[in-house]
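The following exercises concern helices, burial and contacts. Each task is followed by a solution that goes step by step.

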Amino acid sequence: MSMQIDLVFKIAAVGIIVSILNQVLVRSGREEQATMTTLAGLVVVLFIVVQKIAQLFDLVKSLFDF
């Protein structure tokens, strides 16, 4: 259960950091960097989720190993 909570906290932390950086960059007139920061945050979260999905597939494979 704690692994799921940790995953949620990691994703939330990335979201909070990206949103703060996005607001700072937009207010300073750097919209392009703000967009790139948002995309980088999205990529980081996708990597985290893909790793967890890979672990799930490995678990399912080990359960139904013939």
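**Exercise 1. Place Leu63 and state whether it is buried or exposed.**

Leu63 belongs to helix H2, residues 31-63; helices (H or I, at least four residues) are DSSP runs numbered from the N terminus. The model is predicted: local features need pLDDT of at least 70, side-chain atom pairs count only at pLDDT 80 or more, and totals for chains, interfaces and linings use all residues. Residues are numbered from 1 along each chain as its sequence is written, and side-chain values use heavy atoms, with hydrogens and water left out.

Next, take the accessibility. Leu63 has a relative accessible area of 60% and is therefore exposed, given that buried means under 20%, exposed over 50% and partly exposed in between (1.4 Å probe, protein chains only).

Finally, consider distance. Leu63 and Leu21 are 42 residues apart along the chain, and their C-alpha atoms are separated by 43 Å.

**Exercise 2. Compare the span of H2 with the expected value, and list its buried residues.**

H2 contains 33 residues. The expected span of a helix is 1.5 Å times one less than its number of residues. From first C-alpha to last, H2 reaches 48 Å, close to the 48 Å expected.

The buried residues of H2 are Ala34, Thr37, Gly41, Val45 and Ile48.

**Exercise 3. Describe the surroundings of Thr37 in H2.**

Begin with burial: Thr37 has a relative accessibility of 18%, so Thr37 counts as buried.

Then examine the side chain, which reaches the backbone oxygen of Gln33 at 2.7 Å. This is a polar contact (a pair of N or O atoms within 3.5 Å; within protein, one must be able to donate a hydrogen and the other to accept it, and residues adjacent in sequence count only if both atoms are side-chain atoms).

Last, set aside neighbours within four places in sequence: Thr37 is in contact (heavy atoms within 4.5 Å) with Val18, Leu21 and Leu25.

**Exercise 4. Characterise Ser19 by helix, accessibility and polar partner.**

Ser19 lies in helix H1, residues 2-27. Its relative accessible area is 38%, so Ser19 is partly exposed. A polar atom of the Ser19 side chain lies 2.8 Å from the backbone oxygen of Ile16. Ser19 and Gly41 are 22 residues apart along the chain, with C-alpha atoms separated by 9.2 Å.

**Exercise 5. State the accessibility of Glu32 and its C-alpha distance to Asn22.**

Glu32 is found in helix H2. At 56% relative accessibility, this residue counts as exposed. Glu32 and Asn22 are ten residues apart in sequence, and their C-alpha atoms are 10.0 Å apart in space.

Technical notes:
Helices (H or I, at least four residues) and strands (E, at least two) are DSSP runs, numbered from the N terminus.
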